[in-house]
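Biologist: I'd love a close look at one part of this protein with you. Could you walk me through its aromatic rings?

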Amino acid sequence: MISIEPKYSTGEIILSGDRINYEGELGEVDFNITRESNDWYTYWNELGEGVMLKVASFGSVYVPFSDEDLEFISRKGDVLSENG
């Protein structure tokens, strides 16, 4: 059971493949980390529940679900307008 619900501050559930903005950089959600994750007791429990992001300028970066700098942009497969 997830002890912290994996949601963005705007209320959307955090899913793998989501397009995100993190600290002004575009990226993607790689995977959620919860108590059910592989290696929880040998590694992840030290960091706590959160999300692993893929951001070009950072590489892979872990952030807690509650990180205020994590912004939802769109779901994987959503069509975004090139002109905004």
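How many aromatic pairs does the structure hold?

Modeller: Happy to! Please keep in mind that this is a predicted model. There are three aromatic pairs in the structure. One of them joins Y8 and F72: the ring centres are 5.1 Å apart and the planes meet at 45°, so this pair counts as tilted. Y8 sits in the segment before strand 1 while F72 belongs to strand 5, so the pair ties together parts 64 residues apart in sequence. With a relative accessible area of 4%, Y8 is buried, whereas F72, at 23%, is partly exposed.

Another pair is made by F31 and W44, and this one is edge-to-face, with 6.1 Å from centre to centre and 75° between the planes. Here, too, distant parts of the chain are linked: F31 lies in strand 2 (residues 25–33) and W44 in the loop between strand 2 and strand 3, 13 residues apart. F31 is partly exposed, at 31% relative accessible area, and W44 is buried, at 11%.

Now back to Y8, which leads us into the interior. Y8 is one of the twelve residues of the largest nonpolar core, whose members also include Y22, V51, L53, V63 and L70. Strand 1 (19–22), strand 3 (50–55) and strand 4 each give two or more residues to this core, and strand 3 gives the most, with three. V63 makes a good spot to zoom in on: leaving aside residues up to four places away in sequence, V63 touches Y22, G50, V51, L53 and L70. Apart from this core lies another, of five residues, among them I33, W40, M52 and Y62.

Key. Residues numbered from 1 in each chain as written. Predicted model: local features only at pLDDT ≥ 70, side-chain atom pairs only at ≥ 80, totals over all residues. Heavy atoms only, no water. Core = buried A, V, L, I, M, F, W, Y, C linked by side-chain atoms within 4.5 Å. Buried < 20%, exposed > 50% of the residue type's maximum accessible area, 1.4 Å probe, protein only. Helix = DSSP H or I, 4+ residues; strand = E, 2+ residues; numbered from the N terminus. Contact = heavy atoms within 4.5 Å. Phe/Tyr/Trp six-rings, centres within 6.5 Å; stacked < 30°, edge-to-face > 60°.
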